[in-house]
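Dear colleague,

I am passing on a structure for you to look through, together with some notes on its aromatic residues. Please read the notes with the structure open beside them.

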Amino acid sequence: MHEHTTDRPTQIHLAQGVDPTEMTVSFVTQRGSAPYVQYGTSDKALNQRSPSSAAVTTQYSFVSYEYQNYSSPRLHHVKLKDLRPDTNYYYVLRDEREPLVSPVLQFRTMPAGGRVRDHAGSGSG
């Protein structure tokens, strides 16, 4: 009997832009070419899903004497939009064509109208 193993996403990174209603989720897999993010404001109700147009997948290949035919893992970037500012979101990473799935993860969006503070301090005199 052949046992199928799941390709778990690794190297998961979040990138918050200037807009508190957007978040980019980046991750790496060995397989998968149709990634998406299933998310929601409760870990029990992941009722939103990123559109397929929100995902970019890249894979690098080259030939070298030392590594022969090398292909990198697949690098995925999925942009989530229309998020609520200052809100906790729970999410899982999935793929349309592969049985990969991540554990439930969490992030919080920035507050609306947030300002970047200068932590360098100000000198007087």
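A charge is taken to sit over a ring if NZ of Lys or CZ of Arg is within 6 Å of the ring centre and within 35 degrees of the ring normal. In this model, which is a predicted one, the charged end of Arg49 sits over the ring of Tyr36, at 3.6 Å from the centre of that ring.

Turning to rings that pair with rings, the count comes to 3 aromatic pairs. Tyr89 and Phe107 form a stacked pair, because their ring centres are 5.6 Å apart and their planes meet at 20°, which falls under the 30 degrees required for stacking. This pair links distant parts of the chain, since Tyr89 belongs to strand β9 (residues 88–95) and Phe107 to strand β10 (residues 105–108), with their positions 18 residues apart in the numbering. Tyr89 is buried, with a relative accessible area of 3%, and Phe107 is buried as well, with a relative accessible area of 5%.

Phe107 also pairs with Tyr91: the ring centres are again 5.6 Å apart, but the planes are at 55°, so this pair is tilted. Because Tyr91 lies in strand β9 and Phe107 in strand β10, the pair ties together parts that are 16 residues apart in sequence. Tyr91 is buried, as is Phe107.

Finally, ring pairs link Tyr39, Tyr89, Tyr91 and Phe107 into a cluster, and you may wish to view these residues together.

With best wishes

How values were computed. Residues numbered from 1 in each chain as written. Predicted model: local features only at pLDDT ≥ 70, side-chain atom pairs only at ≥ 80, totals over all residues. Heavy atoms only, no water. Phe/Tyr/Trp six-rings, centres within 6.5 Å; stacked < 30°, edge-to-face > 60°. Helix = DSSP H or I, 4+ residues; strand = E, 2+ residues; numbered from the N terminus. Buried < 20%, exposed > 50% of the residue type's maximum accessible area, 1.4 Å probe, protein only.
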